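Thanks for sharing this one with me. Here are my notes, point by point, to read alongside the model.

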Amino acid sequence: MTFGARYATALAERGRLCAGIDPHASLLLDWGLNDDLAGLERFALTAVEGLAPYVPVVKPQSAFYERFGSRGVAVLERVIAESKAAGALVLLDIKRGDIGSTSQAYADAYLDPASPLGSDAVTVSPYLGFGSLMPFVETATKFDAGLFVLALTSNKEGPEVQHATVEDGRSVGQVMLDHLRRLNEAETPLGSFGAVVGATIETTGARSGGELARPSAPSEGVSERSEHGADGAGVAYDFGFNGPILAPGFGEQGGTPADLARIFGAANANVVASTSRGLLRKGPDVAALRDEALRLRDELG
Ligand SMILES: O=c1ccn([C@@H]2O[C@H](COP(=O)(O)O)[C@@H](O)[C@H]2O)c(=O)[nH]1
């Protein structure tokens, strides 16, 4: 089954919350653990136990494991395996992107199910040019995996690049969304190539709106236009592509369910809202982690 189909099923069965499993040093200490390999392992596997059986998607951020070297990466391998065993899709947050031949090596490392780090999907950066991602696209297709392409990130620095406009007047962020529209065309129930769009973009930009509109840029299909721009002029985005959307920045960075509805409009149905620190602060009690995940799931609707 394709990633897009698995994602659609997972959201239908488990709701729209993505649980970030990010072992920040400060969280390890809050949980009464040492900031060392044993603390990392205890933290990460407790989070998996409390969250992976209940949420559709878990998102370990690779950086927090890599900082412990190869033994930290071995913990990440267990997080991936145990989350899959608990029925969650694993979206490994790596934000990789490079020249094509190197992208191929990354794709083999993270998307081949035979690889120790093989995941259901990964985050990738298109800012070496969308075409540089083709090895990821081809490898994902080969292994029924998925991609989440950075389009409009949740950080306040993103608009410098993502709100810039190309010759035909579209923003760079919209260009990425339009590439995704084409990749997912004709896929049912949903394509496997998703976008990363921050749940915070209305607060980093000046205004937003979720009205249904035809996009000014040439694109096909249902259109969900949202307007926001750091300069107050408003930049139009069309989120009506037939693919998954990851919305990081929910919770700790300030994004709320109301923000998601306003930013995405009808496309909100394909959005998983991602929270890491806000959710993990409920630990180390496994039941408290589970209860918070279920509460947020219900809040997201
Ligand atoms: O635009 C983006 C893309 C990815 N992230 C990642 O999501 C989590 C957010 O963690 P919180 O603790 O919920 O703030 C983290 O892994 C980021 O690397 C993002 O924040 N924004």
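1. A word on naming before we start: helices (H or I, at least four residues) and strands (E, at least two) are DSSP runs, numbered from the N terminus. With that in hand, Ala186 can be placed in the loop between helix 9 and strand 6. Please keep in mind throughout that this is a predicted model.

2. Let's stay with that loop for a moment. Ala186 has a positive phi, about 70 degrees, although it is not a glycine. Is Ala186 buried or exposed? Ala186 counts as exposed, because it has 6 C-beta neighbours inside 10 Å, and the cut-off for exposed is 12 or fewer. The loop between helix 9 (172–184) and strand 6 (193–197) also holds Pro189, and the peptide bond joining Thr188 and Pro189 is cis, with omega at about -5 degrees.

3. There is another cis peptide bond to look at, between Gly283 and Pro284, where omega is about 10 degrees. Pro284 sits in the loop between helix 12 and helix 13 (286–300).

4. Lys95 deserves a glance as well. This residue belongs to strand 3 (residues 89–96), and its phi is positive, near 50 degrees, in a residue other than glycine. Lys95 has 16 other C-beta atoms within 10 Å, so it is partly exposed; a residue counts as buried at 20 or more and as exposed at 12 or fewer.

5. Now the overall build. The chain has 13 helices and ten strands, and 51% of its 301 residues count as buried. Among contacts in the chain with a separation of 6 or more, 71% are between residues 24 or more positions apart. For a pair that lies far apart in sequence, take Glu49 and Leu289: 240 residues separate them along the chain, while their C-alpha atoms are 9.0 Å apart. Glu49 is in helix 3 (residues 37–51) and is partly exposed, because 15 other C-beta atoms lie within 10 Å.

6. On to the inside. The largest nonpolar core has 80 residues, and those touching the most other members are Val55, Leu147, Val149, Ala195 and Ala247. What is Leu147 in contact with, leaving aside its neighbours within four places in sequence? The partners are Ala121, Val122, Val124, Phe136, Val137, Ala140, Phe193 and Gly194.

7. Helix 11 (residues 257–264) is a nice one to turn in your viewer. Its buried residues are Asp259, Leu260, Ile263 and Phe264. Looking down the axis of helix 11, these buried residues fall within an arc of 100 degrees, so they line one face of the helix. The general rule is that an α-helix has 3.6 residues a turn, so residues three or four places apart point the same way. After helix 11 comes Gly265, with a positive phi near 55 degrees.

8. Finally, the ligand. Which of the 19 residues around the ligand come nearest? They are Gln61, Thr153, Pro248, Ser276 and Arg277. Strand 10 (271–275) and helix 12 (277–280) each supply at least two residues of the shell. By type, the shell divides into 13 polar residues, four charged and two nonpolar.

Key: Residues numbered from 1 in each chain as written. Predicted model: local features only at pLDDT ≥ 70, side-chain atom pairs only at ≥ 80, totals over all residues. Near = placed C-beta within 6 Å. Nonpolar A, V, L, I, M, F, W, Y, C, P; charged D, E, K, R; others polar. Contact = placed C-beta atoms within 7 Å. Core = buried A, V, L, I, M, F, W, Y, C linked by C-beta atoms within 7 Å. Arc of directions from axis to C-beta.
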